[in-house]
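Colleague: I would like to go through this model with you, one question at a time. Please give the reasoning before each result.

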Amino acid sequence: MTPEQSRSTEIVQLAAFRVGAEEYVVDIMRVREIIRPQAVTRIRKGPRFVEGVINLRGAVVPIVDLRRRFDLPAEDHPHRKIIILSVDGRMVGLVVDGVTEVVRVPKDSMRPAPDLLSEDQAPYFLGVCHHRGRTLVLLNVRNVVASDEAIPLPTVGETSEQQGARGER
């Protein structure tokens, strides 16, 4: 097998989850665990999308609500979960509407998404991949938790021409 063939057959595992109507993925190597929602200690004067912190076996973990982060209306979903991730050596929890599955895709099937994203969206979404007829958006977790700015959501089927017509490009 040549090095080129080896790269093209390299499989990437991603954790898939839903927030609103969209499905997102993160690198499975960042995921430490997935837990049920639990009591959160609120933090005053923090960013509005940070629900607060939880005590997870002695570790204080900040909890980010992705519905708030993406400026979606609050909804209580029966399948809500907290995905505990490692970001730059620190743990952070993402509240999502539901975890769907572990997705295995060839690394070369991951595509950057420049035509889907306005300049405001680009730092938060790394690209897309297709799996079983679904388009999954690869989330840049580091930027999502590091920024206080509102994040406009990409519409997966939207083209750059449609964004231009709305004045986003």
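Colleague: With which side chain does the side chain of Glu23 make a polar contact?

Modeller: The model is predicted, so the distance is a computed one. Glu23 is found in strand β2, and among the residues it contacts beyond its sequence neighbours are Ala16, Arg18, Thr135 and Leu136. The polar contact of its side chain is 2.9 Å, and the partner is the side chain of Arg134.

Colleague: Is Glu23 buried or exposed?

Modeller: A residue counts as buried when its relative accessible area is under 20%. Glu23 has a relative accessible area of 5%, so Glu23 is buried.

Colleague: In what order do the strands of the open sheet of 5 strands lie?

Modeller: β1 and β2 run antiparallel and are joined by 6 bridges; one bridge pairs Ala16 with Val25 in β2. β9 and β10 also run antiparallel, with 6 bridges between them. The pairing in the sheet is mixed, and the order is β8-β1-β2-β10-β9.

Colleague: Which strands are the edge strands, and what is the average twist from one strand to the next?

Modeller: An edge strand pairs on one side only, and this holds for β8 (98-106) and β9. From one strand to the next, the twist averages 35 degrees.

Colleague: How many of the residues of β9 are buried?

Modeller: β9 is an edge strand of the sheet, yet the strand is mostly covered. Cys129, whose bridge partner in β10 is Leu136, is also among the members of a core of 10 residues. Of the 7 residues of β9, the number buried is 5.

Colleague: Which residue in the hairpin of β9 and β10 takes a positive phi?

Modeller: The hairpin has 2 residues between its strands. The residue in question lies in the loop between β9 and β10 and is not a glycine, although its phi is near 50 degrees. With a relative accessibility of 69%, it counts as exposed, since the cut-off for that is over 50%. The residue is Arg132.

Colleague: Where is Asp71, and what is its phi?

Modeller: Asp71 is found in the loop between α2 (66-69) and β6. Its relative accessible area is 54%, so Asp71 is exposed. Asp71 is not a glycine, but its phi is positive, at about 60 degrees.

Colleague: How far apart in space are His79 and Pro37, C-alpha to C-alpha?

Modeller: His79 is also found in the loop between α2 and β6, and at 58% relative accessibility His79 counts as exposed. Not counting residues up to four places away in sequence, His79 touches Asp97 and Gly98. His79 and Pro37 are 42 residues apart in sequence, and their C-alpha distance is 9.6 Å.

Colleague: Which residues of the largest nonpolar core touch the most other members?

Modeller: Nonpolar side chains tend to be buried together in soluble globular proteins. Here the largest nonpolar core has 23 residues, and at least two of them come from each of β1 (11-19), β2 (22-27), β6 (81-87), β7 (90-96), β9 (125-131), β10 (134-139) and α3 (141-146). Those that touch the most other members are Phe17, Tyr24, Val26, Leu66, Leu85 and Leu139.

Colleague: How many residues does the other core have?

Modeller: The other core lies apart from the largest one. Among its members are Leu14, Ala16, Cys129 and Leu138, and its size is 10 residues.

Colleague: With which residues is Phe17 in contact, leaving aside its neighbours within four places in sequence?

Modeller: Contact here requires heavy atoms within 4.5 Å. Phe17 is one of the core residues that touch the most other members. Its contacts are Glu22, Glu23, Tyr24, Val25, Val26, Leu66, Ile83, Val96, Gly98, Val99, Thr100 and Leu139.

Colleague: What pattern does the protein chain follow along the sequence?

Modeller: The chain has 4 helices and 10 strands. Read along the sequence, these give α-β-β-β-β-β-α-β-β-β-β-β-α-α.

Colleague: How many of the 169 residues count as buried, as a percentage?

Modeller: The accessible surface of the protein chain comes to about 9800 Å², and carbon and sulfur atoms hold 50% of it. Among contacts with a separation of 6 or more, 58% join residues 24 or more positions apart. The buried share of the 169 residues is 41%.

Terms used: Residues numbered from 1 in each chain as written. Predicted model: local features only at pLDDT ≥ 70, side-chain atom pairs only at ≥ 80, totals over all residues. Heavy atoms only, no water. Core = buried A, V, L, I, M, F, W, Y, C linked by side-chain atoms within 4.5 Å. Buried < 20%, exposed > 50% of the residue type's maximum accessible area, 1.4 Å probe, protein only. Areas by Shrake-Rupley, 256 points an atom, 1.4 Å probe, with all protein chains shown as cover. Polar contact = N/O pair within 3.5 Å; in protein donor to acceptor, adjacent residues only side chain to side chain. Pairing = 2+ DSSP bridges. Axes fitted to C-alpha atoms, helices over the stretch in contact; angles between N-to-C directions.
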